[in-house]
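Please open the model in your viewer and follow the selections below in order, pausing at each one before moving to the next.

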Amino acid sequence: MIIAIDGPAASGKGTLAKRLAAHYGFRHLDTGVIYRAVAHALLTTGVDLKDEARAAQVALTLDSATFDNPALKSQTVGSAASVVSALPKVREALVAFQRQFASQPPGAVLDGRDIGTVICPDAAVKIYVVADPRIRAQRRTLEALSRGEPADEAAVLADILARDERDQNRPIAPLKQAPDAILLDNSHLDIESGVRAAIDIVEAVRAGRQRV
Ligand SMILES: Nc1ncnc2c1ncn2[C@@H]1O[C@H](COP(=O)(O)OP(=O)(O)O)[C@@H](O)[C@H]1O
Ligand SMILES: Nc1ccn([C@@H]2O[C@H](COP(=O)(O)OP(=O)(O)O)[C@@H](O)[C@H]2O)c(=O)n1
């Protein structure tokens with residue numbers, strides 16, 4: 001079974017995806033980290049983020065061992081990822097890896113921007129997670145501070161809004177709710193309530209239609 005979780009920056013999709021994967025004994029892929037890894041490689045080698053051919057080459061030769069590099073979490077890398085991820089050849093280069101991951105038994109939870117719309121359009125369950133931008137900025141700021149990174153909430157909010165704008169308006173695989181995705185507003189839920197709501201959605205969809 002594949003569970004697809006999409007949503008804007010810092011909406012809580014990664015937290016939910018991780019918890020759902022643990023609950024069901026599935027593997028989890030944070031697809032944002034892949035775009036972050038491409039962006040980080042370009043930034044550290046001084047390649048222009050809009051150099052599509054070089055970026056696609058980096059995407060094709062990515063080593064998943066680099067995905068847990070803590071440097072990928074920074075706001076700078078997140079913004080750069082949102083520039084790089086709009087390049088069609090970069091997205092194309094990463095499709096096979098994501099689909100291959102999703103197809104492994106017993107099941108997988110993938111979170112990102114286009115999982116339910118492009119990568120896994122036949123996913124058994126699709127959840128579209130949203131939260132008020134100011135709440136997302138607060139949570140992301142706390143997260144950065146807890147890692148010991150300086151973070152200014154107003155700047156984080158501006159970054160989140162700019163990234164949402166870019167992600168929603170790119171021509172290829174824009175961020176949007178798939179028609180068959182269930183909306184989960186995470187603004188006023190604590191993590192445990194959000195996880196319960198997500199499990200309830202999975203169970204309701206599984207009970208209603210056996211597309212597993
Ligand atoms: N329901 C929630 N209540 C409070 N904090 C949350 C909630 N969900 C996620 N967070 C926190 O908000 C931040 C962003 O969550 P994350 O799951 O990384 O979002 P995304 O994967 O959408 O970018 C993290 O620090 C996470 O611990
Ligand atoms: N499936 C995905 C996942 C991420 N991305 C891009 O990668 C950037 C970083 O994604 P992320 O999920 O790590 O970002 P956060 O939501 O964690 O802040 C996003 O702003 C998108 O531009 C994408 O285009 N498609």
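## Around ligand 2

Begin by selecting the shell around ligand 2 in this predicted model; by class, that shell has five nonpolar, seven polar and five charged residues. In total 17 residues surround ligand 2, and the closest are Gly32, Tyr35, Ser82, Ser85 and Gly112. Now colour the helices that contribute here: helix H2 (32-45), helix H4 (75-84) and helix H8 (153-169) each supply at least two residues of the shell around ligand 2, and H2 gives the largest share, four residues.

## Around ligand 1

Move next to ligand 1, where 16 residues form the surroundings and Gly12, Gly14, Thr15, Arg139 and Glu143 come nearest. Helix H1 (13-24), helix H7 (133-146) and helix H9 (191-208) are the ones to highlight, since each supplies at least two residues of the shell around ligand 1. Sorted by class, the residues of this shell around ligand 1 are four nonpolar, seven polar and five charged.

With ligand 1 still in view, select Gly7, Pro8, Ala9, Ala10, Ser11, Gly12, Lys13, Gly14 and Thr15, the positions at which UniProt, in an unreviewed entry, places the feature "binding site".

## Two glycines beside ligand 1

Which residues, apart from its neighbours within four places in sequence, is Gly12 in contact with? Select Gly12 in the loop between strand S1 (2-6) and H1, and then display Val129, Ala131, Asn186 and Gly194, which are its contacts once those sequence neighbours are left aside. Gly12 counts as buried because it has 24 C-beta neighbours inside 10 Å, the cut-off for that class being 20 or more.

Go on to Gly14, which has its place in helix H1. Is Gly14 buried or partly exposed? Gly14 has 19 other C-beta atoms within 10 Å and is therefore partly exposed. Not counting residues up to four places away in sequence, Gly14 touches Asp30 and Asp111.

## The whole protein

Finally, zoom out and colour by secondary structure: the protein has nine helices and five strands, and along the sequence these follow the pattern β-α-β-α-α-α-α-β-α-β-α-α-β-α. The radius of gyration of the protein is 16 Å, close to the 17 Å that the globule rule gives for 212 residues, so the protein is as compact as a globular protein of that length. Taken along the principal axes, its C-alpha atoms fill a box of roughly 50 × 35 × 30 Å. If you colour by burial, 40% of the 212 residues count as buried, and if you draw the contacts between residues at least 6 apart in sequence, 76% of them join residues at least 24 apart.

Methods:
Residues are numbered from 1 along each chain as its sequence is written. Chains are lettered from A and ligands numbered from 1 in the order in which they are written. This is a predicted model: local features need pLDDT of at least 70, side-chain atom pairs count only at pLDDT 80 or more; totals for chains, interfaces and linings use all residues. A residue is near a molecule or strand if its C-beta atom, placed from the backbone, lies within 6 Å of it. Ala, Val, Leu, Ile, Met, Phe, Trp, Tyr, Cys and Pro count as nonpolar, Asp, Glu, Lys and Arg as charged, and the others, Gly among them, as polar. UniProt positions are given in the numbering used here, feature names are shortened, and annotations may be inferred rather than shown by experiment. A residue is buried if 20 or more other C-beta atoms lie within 10 Å of its own, exposed if 12 or fewer, and partly exposed in between; C-beta atoms are placed from the backbone. Two residues are in contact if their C-beta atoms, placed from the backbone, lie within 7 Å. The radius of gyration is taken over C-alpha atoms; the globule rule is 2.2 Å times the number of residues to the power 0.38.
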